Amino acid sequence: MAKLYDSLYDALLMFAASSAKPTAKLIEEKYDQLLPIFSSMYEGETVDKEKFLRKVLESVNTDGGIITSLSDQKEHEQWLSNERAAIQWNYWERYKQYLIKQEKFPLRVVDSIDDATDTILGLLESPRRKGEWDRRGMVVGNIQSGKTSNYVGLISKAVDAGYKVIIVLAGLNNDLRSQTQKRIDKGFLGRDTSKSKNHDQGSNVIGAGLIPGFKVPPVTAVTSSASNGDYKKSVHSSITITPGGDPVIAVVKKNVTPLKNLLDWFTHVNASGKIANIPLLLIDDEADNASIDTKAGKKMGIDESDWKEQDPTAINGYIRRILNCFTQSAYVGYTATPFANIFIYPNEGNELDDEFGEDLYPRSFIVNLHAPSNYIGPEKVFGLDEDKASNTEKTKPLPLIRTITDYDLFFPEKHKSSLKVKGIPDSMKEAICAFILSCAVRDARGQGTSHKSMLIHVTRFVEVQKQIVDILNPLMKNIVNELKMKTGPQYEQLIGVMKKLWNEDFLPTTKEVQKSIDDSGITTLGWDDIEPLLYPNASKIEVKAVNGKAADGGLKYDEYAKTGLSVIAVGGDKLSRGLTLEGLTVSYYTRTSKMYDTLLQMGRWFGFRNGYADVCRLYTSRVLAKWYRHIALVNKEFRQELDDMAAAGATPETYGLKVRTHPDGMIITALNKMRNSETRKVTFAGHLIQTTKFYKDNPLNKENISGLSNWTSSLGNPVPHDGNTPEPFIWKHVAADKIFNFLNVIKVHPENTFASAHLLSQYIEAQNREGELTDWTVALISVDNSRSPKEAQHPITIGNLTVRPVWRTDASAKEFDDSDVVVMNNNNLITPKHQAIDLDENQYNKALKETLEEYNELHPKAKKESIDEPSGRFVRMNRNKKNALLLIYVLKSGIDGKEEGQVPTVYDDTYVGYAISFPASPTAKEVEYKVDEVYMENSVKDEGNDDGTY
């Protein structure tokens with residue numbers, strides 16, 4: 001069947017590519033024309049028309065992601081456009097055909113990979129460039145979004161262009177390294193290195209090697225895809241690298257032994273100095289993991305002048321020394337969570353450079369890869385809260401999350417390796433039933449031989465994981481037996497649970513997902529379609545532990561290439577980064593972390609789910625779902641910042657500074673991955689600072705009301721307005737001295753990290769010396785509070801003014817009955833439109849115009865002709881450097897009673913909150929603050945690893 005299918009597929013893709021608007025109707029008509037022609041060529045072969053056309057439409061309709069980049073052109077020579085015509089792109093063209101023909105990548109996704117790898121390659125140096133050069137860059141992708149496909153494409157183009165040594169650093173364990181080597185074997189080398197002998201070229205042909213018509217030059221692989229195929233010393237004697245010789249590729253895990261072996265090889269190649277005229281490309285996969293010099297974050301109390309005496313961490317040091325062996329080198333780090341890499345300080349030029357070379361800061365370029373349109377990422381899974389400051393509209397999540405509460409009785413959040421697992425929660429049993437149903441659905445939709453996976457991640461401890469596997473194995477055997485026998489009370493109970501889950505969960509979810517995403521592969525099925533497929537699909541499921549002590553070597557998808565592996569994978573850290581769970585549908589996840597990057601990397605459920613997104617499920621806690629929803633917004637803003645700075649022509653160092661000093665107060669990565677972690681610096685330029693946490697019941701609240709009354713009285717009368725309406729009281733042209741006084745009068749909760757009187761005053765004072773922030777507008781907000789609980793509607797006297805307080809629900813009360821802190825929903829105090837309260841007409845209209853332009857650029861399929869109000873970011877960008885806005889909110893808080901099971905409650909205290917909208921400024925000064933070492937140690941600890949030690 002393959003020849004008829006492939007020939008038709010290629011012909012229809014060519015037709016679609018040549019058509020201005022290849023609609024489903026046109027493609028079907030072309031199919032009907034071509035089918036008789038190709039059927040006569042391949043007699044006896046048939047295709048399922050409906051499923052075939054769905055696959056073609058998926059390829060045609062999927063958009064590739066856009067690419068943005070910022071770069072430092074210092075000492076860089078533009079080269080690719082001039083040399084392109086002279087290069088034989090054999091490896092790349094073969095890889096491109098492999099992606100289209102074998103992997104069935106959508107055409108526009110392949111075009112996007114082509115564009116992105118051209119961008120990255122062009123930001124490296126030409127391998128033909130003489131003399132010494134060294135480029136350092138980073139590529140930012142999304143979790144499970146095709147970063148490996150991208151760097152296999154980069155390797156292909158780099159070897160075609162003339163790079164001679166390729167090193168890929170891939171993961172911390174053998175499984176991850178082997179997985180990456182297999183991808184490179186299929187896409188680049190075209191041969192199975194696990195079956196080669198003495199690194200020859202005659203091993204079994206696979207993947208791209210099966211694409212006819214390409215004469216690719218030989219490349220020597222010095223590692224293999226076998227589990228133990230990492231780089232070994234024995235290669236030294238049999239492989240040579242010389243100028244003009246065959247290219248060499250090594251896929252190496254981030255472990256001291258293979259890295260030391262590589263370094264020994266390179267230092268012996270040219271004992272008299274550096275290796276010359278042999279360009280090196282080193283690709284660091286998951287570049288934020290293990291590659292960071294974490295000792296730089298542990299130099300507490302060490303004077304900066306003594307840093308040069310502190311050697312870097314071992315893996316970081318070996319990577320730098322390997323790069324330092326070559327006079328011509330390029331380092332490209334790939335990651336979806338680049339926070340730690342951004343926190344590396346640029347080269348300080350100390351004496352360590354002679355031995356190790358400079359640190360791995362991406363000083364040359366940062367490339368931002370946006371995911372294709374069929375990618376299911378954090379924003380789709382968890383949705384987004386409205387955030388007008390970043391021009392983010394509220395987005396409903398896909399209905400895939402199932403909140404669970406019964407897991408804590410079995411797997412407490414803070415358990416130890418000695419935990420005795422006495423059973424599994426009912427929610428986990430339901431998740432397993434959901435997995436069986438998802439397998440049956442995929443089978444019914446023609447994906448019966450595809451891999452199907454379920455993730456269970458509730459503990460990092462190997463011994464606890466083993467106990468879970470020991471419980472699940474007999475449970476699965478019982479389920480399979482009942483589905484096979486189809487009789488008796490236990491079967492009736494089981495099939496009743498599954499049928500109820502089908503009718504009450506799967507059917508309505510499929511309908512909702514069909515409304516949300518454009519995927520012709522998601523078809524509506526009935527119970528009669530599914531029920532006969534339950535037993536054959538359940539019987540294929542294996543339960544496997546995936547950790548450092550797994551006896552069977554973990555997941556071996558390649559061994560099930562023809563039939564598909566169906567697996568329930570129980571693991572911890574080994575499943576937290578890099579390792580792909582093929583065809584993941586159901587995840588049972590309760591493992592917490594306080595760091596953005598760790599949580600995002602644990603999200604194995606992100607990725608491409610063509611034809612089965614509707615049967616994916618994430619069973620997790622309400623708190624984790626809330627954290628991920630917040631992280632989805634933070635991640636969007638982080639990447640938007642990169643796009644904005646790329647558009648502004650910024651360099652990587654400028655971007656790094658911007659991220660390092662962003663005053664959001666959040667934990668974005670382990671503090672030991674950040675340099676200068678005892679002393680930090682922050683700038684407030686272009687930012688909105690808000691107080692979002694308050695003492696729930698404290699005498700300071702009354703003192704703040706009294707202090708505010710006295711302070712507003714000292715300002716004189718506000719700008720007149722109609723006293724019958726609750727408009728803000730506004731004072732214009734307020735001097736900075738008055739602002740200093742306000743900051744000292746109002747006492748804020750210490751968890752408002754950056755709304756500190758000292759930091760803010762220090763920054764304002766520094767900008768005053770530049771002639772900035774000298775002319776302030778103050779707005780005391782008074783509102784129509786008729787929608788708040790009655791007890792919160794009473795006016796309050798502030799000085800000689802009657803103020804109607806704002807109502808803000810206490811978000812902490814939703815989670816903690818006894819919390820002593822009042823927390824604003826989504827960490828937001830202000831009403832967004834208030835930020836523009838002091839702009840003149842020209843400033844307002846310009847901010848509005850820029851907001852609309854950005855929206856239409858980000859949402860090309862849902863363009864607007866007008867927009868109601870400007871985003872806070874563009875308000876601040878259009879604010880005069882002399883002018884800042886102080887917004888003061890007198891507020892009542894409590895529980896509004898709108899959520900099910902809640903009783904309205906209004907707290908006795910009245911709170912004073914404030915926000916400052918700072919203008920952007922090119923002269924913005926940094927202010928320094930200290931972080932208490934004990935706080936750092938207690939608030940964030942490394943998550944550990946899965947090496948079997950716990």
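Trainee: Which residues form one aromatic cluster in this structure?

Mentor: Ground rules first: this is a predicted model, in which local features need pLDDT of at least 70, side-chain atom pairs count only at pLDDT 80 or more, and totals for chains, interfaces and linings use all residues. Residues are numbered from 1 along each chain as its sequence is written, and side-chain values use heavy atoms, with hydrogens and water left out. Rings of Phe, Tyr and Trp (its six-membered ring) pair if their centres lie within 6.5 Å, and planes under 30 degrees apart count as stacked, over 60 as edge-to-face and the rest as tilted. The cluster is made of Tyr5, Tyr9, Tyr31 and Phe52.

Trainee: How many aromatic pairs does that rule give?

Mentor: Take tyrosine 5 and tyrosine 9 as a worked case, after the total. The rule yields 23 aromatic pairs. Tyrosine 5 and tyrosine 9 make a stacked one, 6.3 Å centre to centre with 15° between the planes. So, to give you the count again: 23.

Trainee: By how much of a helical turn are tyrosine 5 and tyrosine 9 separated?

Mentor: Both sit in helix H1, residues 2-18; helices (H or I, at least four residues) and strands (E, at least two) are DSSP runs, numbered from the N terminus. The two tyrosines are four residues apart there, so the separation is about one helical turn.

Trainee: Which of the two is buried, tyrosine 5 or tyrosine 9?

Mentor: Buried means under 20% relative accessible area, exposed over 50%, partly exposed in between (1.4 Å probe, protein chains only). Tyrosine 5, at 23%, is partly exposed. The residue at 0%, and therefore buried, is tyrosine 9.

Trainee: And tyrosine 763 with phenylalanine 918: how far apart in sequence are the parts this pair ties together?

Mentor: The pair is edge-to-face, with 5.4 Å centre to centre and 90° between the planes. Tyrosine 763 lies in helix H24 (residues 757-768), while phenylalanine 918 is in the loop between strand S28 (911-917) and strand S29 (927-930). Both ends are buried, tyrosine 763 at 1% and phenylalanine 918 at 0%. The parts tied together are therefore 155 residues apart.

Trainee: Which residue lies over the face of tryptophan 92?

Mentor: A charge sits over a ring if NZ of Lys or CZ of Arg is within 6 Å of the ring centre and within 35 degrees of the ring normal. Arginine 873 does this with its charged end over phenylalanine 874, 4.7 Å from the ring centre. For tryptophan 92, at 4.4 Å from the ring centre, the residue is lysine 157.

Trainee: How many residues of H7 are buried?

Mentor: Helix H7 covers residues 147-161, and its end C-alpha atoms are 21 Å apart, in agreement with the 21 Å expected for 15 residues; that expected span is 1.5 Å times one less than the number of residues. Just after H7, glycine 162 has a positive phi of about 130°. The helix is largely enclosed by the rest of the structure because its buried residues number 15 of the 15.

Trainee: Where is the positive phi of lysine 104, in which loop?

Mentor: Its phi is near 55°, positive though the residue is something other than glycine. Lysine 104 is also buried, at 14% relative accessible area. The loop is the one between helix H5 (90-101) and helix H6 (107-123).

Trainee: Which strands are the edge strands of the eight-strand sheet?

Mentor: Two strands pair if DSSP finds at least two bridges between them. The open sheet runs S1-S8-S2-S7-S6-S3-S5-S4, with mixed pairing. S1 joins strand S8 (residues 365-369) antiparallel through five bridges, with serine 71 partnered by phenylalanine 365 in S8. Pairing on one side only, the edges are strand S1 (67-71) and strand S4 (220-221).

Trainee: In what sense do S12 and S13 pair, parallel or antiparallel?

Mentor: Five of the six residues of strand S12 (residues 541-546) are buried, so this strand is largely enclosed by the rest of the structure. Lysine 544 stands opposite alanine 569 in S13. Over six bridges, S12 and strand S13 (residues 566-571) run parallel.

Trainee: What share of the residues in the protein chain is buried?

Mentor: The chain has 27 helices and 29 strands. With contact meaning heavy atoms within 4.5 Å, residues 24 or more positions apart supply 80% of the contacts with a separation of 6 or more. Of the 950 residues, the buried share is 57%.
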